[in-house]
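This report describes a protein chain through its helix content, surface patches and salt bridges. The sequence and the coordinates come before the description.

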Amino acid sequence: MMRMPMNHSAQKMGLASSHDEDFYVTESDRQALLMKEQDHDLDELSATVERLGDVGLTIHDELISQDLIINDLGREMDNTSNRLDFVQKKVAHVIKRAGAKGQIMMIIFLVILLLVLILLVFS
């Protein structure tokens, strides 16, 4: 049998097919590399999100503990304020009952008490 020479278009198809195959292999390798880089980036992003979640939980716990402290402080302030109001009312009542002479005596007594306390502190 006689061999027929390949015509020009068949040769072009062979070259184009070879060129296309090289392009597909190169493109496939490039896409595999891109997917590997994206996987690495996603792993880093996942780790960062996990750390942020841990930080968020820590902040939440801290806020809860500080809220409890502030609530306790508020109750103590209310209690102290009520006691101070009571004492101020009692002092006002005593001052009214004592009159001018009694007020002078109270002032003298408090000054003497202050001096004694100062002497005790610095002695």
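The text below goes from the overall fold to the salt bridges, the charged patch and the nonpolar patch.

**Overall fold**

The model is predicted. The protein contains one helix and zero strands. This helix, α1, spans residues 8-122. Of the 123 residues in the protein, buried residues make up 1%. The exposed area of the protein is about 11900 Å², and 67% of it is supplied by carbon and sulfur atoms.

**Salt bridges**

How many salt bridges does the structure hold? There are two, and the table gives the closest N and O atoms for each.

| Salt bridge | Closest N–O distance |
|---|---|
| R30 with E27 | 2.4 Å |
| R75 with D72 | 2.2 Å |

R30 and E27 are both part of helix α1, where they lie three residues apart, about one turn of the helix. R75 and D72 are separated by about one helical turn because they are three residues apart in helix α1.

The accessibility of three of these side chains can be added. R30 has a relative accessible area of 44% and is therefore partly exposed. R75 has a relative accessibility of 52%, so R75 counts as exposed, given that the cut-off for exposed is over 50%. Its partner D72 is partly exposed, with a relative accessible area of 36%.

**Negative patch**

Which residues gather in a patch of negative charge on the surface? They are E37, D39, D41, D43 and E44. Of this group, E44 is found in helix α1. E44 has a relative accessibility of 43% and so counts as partly exposed. Patch members must have over 30% relative accessible area and no salt bridge, and the value of 43% for E44 is consistent with the first of these conditions.

**Nonpolar patch and annotated segment**

A nonpolar patch on the surface is formed by I104, M105, I108, F109, L110, I112, L113, V116, L117 and L120. Together these residues have about 980 Å² of accessible area. One of them, F109, is located in helix α1. Is F109 buried or exposed? F109 is exposed, because its relative accessible area is 53% and the cut-off is over 50%.

The UniProt record, an unreviewed entry, places the feature "transmembrane region" at residues 104-122. Such an annotation may be inferred rather than shown by experiment. In the model, the chain over residues 104-122 is 100% helix and 0% strand. The end C-alpha atoms of this segment are 27 Å apart.

How values were computed: Residues numbered from 1 in each chain as written. Predicted model: local features only at pLDDT ≥ 70, side-chain atom pairs only at ≥ 80, totals over all residues. Heavy atoms only, no water. Patch = residues over 30% accessible without salt bridge, like charges linked within 9 Å, V, L, I, M, F, W, Y side chains within 5 Å. Areas by Shrake-Rupley, 256 points an atom, 1.4 Å probe, with all protein chains shown as cover. Salt bridge = Lys/Arg side-chain N within 4 Å of Asp/Glu carboxyl O. Helix = DSSP H or I, 4+ residues; strand = E, 2+ residues; numbered from the N terminus. Buried < 20%, exposed > 50% of the residue type's maximum accessible area, 1.4 Å probe, protein only. Lys, Arg positive; Asp, Glu negative; His and termini not counted. Charge placed at Lys NZ, Arg CZ, Asp CG, Glu CD.
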